[in-house]
Amino acid sequence: MSNLNLKAAPQGAPTRLPEPLLSVGGLHKRYRRQDPLAVEDVSFSLDNGEILALLGPSGCGKTTTLRMIAGFEHPDAGEILLRGEDVTPLPPQQRRIGIVFQDYALFPHMSLGENVAFAMRHVPKAKRAAKSREWLDLVGLADLAARMPDQLSGGQQQRVALARTLAAEPELVLLDEPFSNLDAALRESTRKEVRRLFKAAGTSVILVTHDQAEALSFADQVGVMHYGQLIQMDRPERIYQAPATSFVAEFLGHTNLLEGEADGEIARTALGPVAIDSHCRGPVRLSLRPEYLALSAAPDGQGATIVEREFRGHDCFYLLEQHGQHFCAITPSHSLWKVGEQVSLEPQRTATVLRD
Ligand SMILES: Nc1ncnc2c1ncn2[C@@H]1O[C@H](COP(=O)(O)OP(=O)(O)OP(=O)(O)O)[C@@H](O)[C@H]1O
């Protein structure tokens, strides 16, 4: 028998959900009267310590959303709550939000140490230099504290900008394409390191990016934007495996968009009967990722013909044709097919029913 004194919640007492750190509701923004809406009815919330990526093509409204949260733009409608407090009318400096821009914006006339110390107005002056070294140490640059920004590589400047942002100890950090000036290898390692730093500090983050791999690997939640609207927000694996619309499906990578006729949990398609992820009837549009299609040998004149093959090292991408329709498939590169070969296509997972 346990002697723990566990108290049961009183019967019928309302359960209080923890308040999200950030809650954005019905944000609208139009820059000029003749322009379309840059941001249309965007709503979402962000929990403590959570990392969100806003993902979408150029001009879809990601930066405008970020700038409204930061306080650099005022929304035409909607509200922004930080820990339940309405900060919509407040100027940027009263929002306890840290921002890292694409160009890092380090002060060129200050050393790295001074750049970081500048962010610590909350720390007594005498302690700032030592504290600044601690933050630079965290990003692996303590030895370079006396250097000027123009004596650093792009990746090092990036890390200083992050140290400066973290030094201000904000509850929320906004990152606008912060890795785009780095080359591919440095981008990947910096991204991992930055994620580790934020997770260790328990800081909440919103990252704006048009790079789907970056969004999927960096964030806990991904919000996909298109023409000013937030189309879908979900965990990275759900966004990839269960896209809501054909735009999301295609923006996140290759996919097979299939027209079908649903009858319960099966739809008739050009690939034959396919299991679907919801119960419905009538015409449907489906998404099936190329790696969820298995290829097997088919007798001549039957099945699909391989029309293109792209060997990519770890896997192989195929374009196939069957009854005048094109499909794509990705298989591990240990079993390869040749252009012209006939194969049967077998879906290995349920296809996703799209909203459009
Ligand atoms: N200061 C501005 N004045 C007028 N129009 C603007 C301004 N800033 C952005 N826009 C317009 O608002 C729309 C959304 O732009 P926004 O910069 O938010 O998109 P984005 O998704 O961040 O794009 P990118 O990835 O290219 O930065 C675009 O049509 C853009 O041209």
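Mentor: A residue counts as near a molecule if its C-beta atom, placed from the backbone, lies within 6 Å of that molecule. Please keep in mind throughout that the model we are discussing is a predicted one.

Trainee: Which residues surround the ligand?
Mentor: By class, the shell around the ligand consists of three nonpolar, seven polar and one charged residues. Going through the shell in sequence order, one meets Tyr31, Ala38, Gly56, Ser58, Gly59, Cys60, Gly61, Lys62, Thr63, Thr64 and His210.

Trainee: Turning to the chain as a whole, what percentage of its 356 residues is buried?
Mentor: The C-alpha atoms fill a box of roughly 80 × 70 × 60 Å along the principal axes, and the chain has eight helices and 18 strands. A residue is called buried when 20 or more other C-beta atoms lie within 10 Å of its own. For the 356 residues of the chain, the buried share is 35%.

Trainee: Among contacts between residues at least 6 apart in sequence, what percentage joins residues at least 24 apart?
Mentor: Contact here requires that the two C-beta atoms lie within 7 Å. Among the contacts of the chain between residues at least 6 apart in sequence, the share that joins residues at least 24 apart is 62%.

Trainee: In the open sheet of four strands with antiparallel pairing, what is the strand order?
Mentor: Strand β1, residues 22-29, runs antiparallel to β4, residues 77-82, and five bridges join them, with Gly25 standing opposite Glu79 in β4. The four-strand sheet is open and its pairing antiparallel, and the order of its strands is β2-β1-β4-β5. The strands that pair on one side only, and so form the edges under the definition of pairing by at least two bridges, are β2 (39-46) and β5 (85-86). Read across from one edge to the other, the order is therefore, with pairing understood as at least two bridges, β2-β1-β4-β5.

Trainee: Which strands of this sheet does helix α1 touch?
Mentor: Helix α1 spans residues 62-70, and its direction makes about 120 degrees with that of β1. Packed on the sheet, the helix touches β1, β2 and β4.

Trainee: Why is α1 described as largely enclosed by the rest of the structure?
Mentor: The buried residues of α1 are Lys62, Thr63, Thr64, Thr65, Leu66, Arg67, Met68 and Ile69, and just after the helix Gly71 takes a positive phi of about 100 degrees. Lys62, Thr63 and Thr64 are also part of the ligand's surroundings. The helix is largely enclosed because, of its nine residues, the number buried is eight.

Trainee: Which residues point one way from β8, and which the other way?
Mentor: Strand β8, residues 204-209, is largely enclosed by the rest of the structure, because six of its six residues are buried. Five bridges join it in parallel to β3, residues 51-55, and five bridges also join it in parallel to β7, residues 172-176. The residues pointing one way are Ser204, Ile206 and Val208, and those pointing the other way are Val205, Leu207 and Thr209.

Trainee: What is the handedness of the β-α-β unit made by β7, helix α5 and β8?
Mentor: In the parallel pairing of β7 with β8, Leu175 stands opposite Leu207. Helix α5, residues 184-201, belongs to the unit together with these two strands, and the β-α-β unit is right-handed.

Trainee: In β9, which residue is the bridge partner of Leu55?
Mentor: Both faces of β3 are covered, with Ile51, Ala53 and Leu55 buried on one side and Leu52 and Leu54 on the other. Towards β8, Leu52 stands opposite Ile206, while the bridge partner of Leu54 is Val208. Strand β3 also pairs in the parallel sense with β9, residues 221-226, over four bridges, and there the bridge partner of Leu55 is Val224.

Trainee: Which strands stand at the edges of the sheet in which five strands are ordered β13-β17-β14-β15-β16?
Mentor: This open sheet has antiparallel pairing. Its neighbouring strands are turned by 40 degrees against each other on average, direction ignored. A strand with a single partner is left without a neighbour on one side, and those in this position are β13 (293-297) and β16 (325-332).

Trainee: What separates the C-alpha atoms of Asn256 and Ser287?
Mentor: Asn256 is found in strand β11, residues 256-269, and is buried, with 25 other C-beta atoms within 10 Å. Leaving aside neighbours within four places in sequence, Asn256 is in contact with Leu288, Pro290, Phe327 and Cys328. Asn256 and Ser287 are 31 residues apart along the chain, and their C-alpha atoms are separated by 5.5 Å.

Key: Residues numbered from 1 in each chain as written. Predicted model: local features only at pLDDT ≥ 70, side-chain atom pairs only at ≥ 80, totals over all residues. Nonpolar A, V, L, I, M, F, W, Y, C, P; charged D, E, K, R; others polar. Buried ≥ 20, exposed ≤ 12 C-beta atoms within 10 Å, placed from the backbone. Axes fitted to C-alpha atoms, helices over the stretch in contact; angles between N-to-C directions. Right-handed = clockwise from strand over helix to strand, strands pointing away.
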